[in-house]
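Biologist: I am new to this structure and would be grateful for a close look at one part of it. Which residues make up the largest nonpolar core?

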Amino acid sequence: MEALMSVLLLAGPLCALLGAVMAVARLLGRLARGSRSGVLGHAAVALALGAGGWLVGGSLGIWVLCAPASAGNLCGLGGVLGSGPLLAGLVLVRWAWRIGRDD
């Protein structure tokens, strides 16, 4: 489990950063094209999707990493700082790709 937690703690924040950068880039692209209508709505949707992905990913990560009897007292960090940001980043990347296709 230590190897999985190490990978999650490295990949999770990087994926969240990538998702956030892609979402902001898509929103700025909409503003640059003069499409001001709906930008705040899209930003609210991105924020809600990211928070929901973080919550679901963190909960699942905590559930999986803290299930074994040998799990230490820091097992929740893998979920909160690893799988939570990982799922949030993946959701944001998918959302940014989707709104980019709609333009």
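Modeller: I begin with the chain as a whole. Of the contacts (heavy atoms within 4.5 Å) in the protein between residues at least 6 apart in sequence, 77% join residues at least 24 apart. This is a predicted model, in which local features need pLDDT of at least 70 and side-chain atom pairs count only at pLDDT 80 or more, while totals for chains, interfaces and linings use all residues. Residues are numbered from 1 along each chain as its sequence is written, and side-chain values use heavy atoms, with hydrogens and water left out.

The secondary structure consists of three helices and zero strands, where helices (H or I, at least four residues) and strands (E, at least two) are DSSP runs numbered from the N terminus. The order of the elements from the N terminus is accordingly α-α-α. Along its principal axes, the C-alpha trace spans about 55 × 20 × 15 Å. Of the 103 residues, 30% count as buried; buried means under 20% relative accessible area, exposed over 50%, and partly exposed in between, with a 1.4 Å probe and protein chains only.

I turn now to the part requested. The largest nonpolar core has eight residues, namely Ala23, Leu27, Val39, Ala46, Leu92, Trp95, Ala96 and Ile99. Such a core is a set of buried Ala, Val, Leu, Ile, Met, Phe, Trp, Tyr and Cys residues joined through side-chain atoms within 4.5 Å. The helices α1 (2-32), α2 (39-65) and α3 (76-102) each give two or more residues to this core, and α3 gives the most, with four. In soluble globular proteins, nonpolar side chains tend to be buried together. Within the core, Ala46 is in contact with Leu92 and Trp95, its neighbours within four places in sequence being left aside.

Two of the core residues, Leu27 and Val39, also belong to the contact of α1 with α2. There, Leu4, Leu8, Leu27, Arg30 and Leu31 in α1 meet Val39, His42, Ala43 and Leu65 in α2. These residues divide into seven nonpolar, one polar and one charged; Ala, Val, Leu, Ile, Met, Phe, Trp, Tyr, Cys and Pro count as nonpolar, Asp, Glu, Lys and Arg as charged, and the others, Gly among them, as polar. The two helices pack at an angle of about 170°, with their axes 11 Å apart. Axes are lines fitted to C-alpha atoms, for helices over the stretch in contact, and angles run from 0 to 180 degrees between N-to-C directions. Helices α1 and α2 are therefore roughly antiparallel to each other, as angles over 145 degrees count as such, those under 35 as roughly parallel, 65 to 115 as roughly perpendicular and the rest as oblique.

Some residues beyond the core complete the picture. Gly29 lies in helix α1 and is partly exposed, at 22% relative accessibility. Its C-alpha atom is 9.0 Å from that of Gly100, although 71 residues separate the two along the chain. In helix α2, Leu47 is exposed, with a relative accessible area of 64%.

There is also one disulfide, that is, a pair of cysteine sulfur atoms within 2.5 Å. The sulfur atoms of Cys66 and Cys75 are 1.9 Å apart, and their link is right-handed, with 105° about the S-S bond. Cys66 is partly exposed at 28%, whereas Cys75 is buried at 13% relative accessibility.
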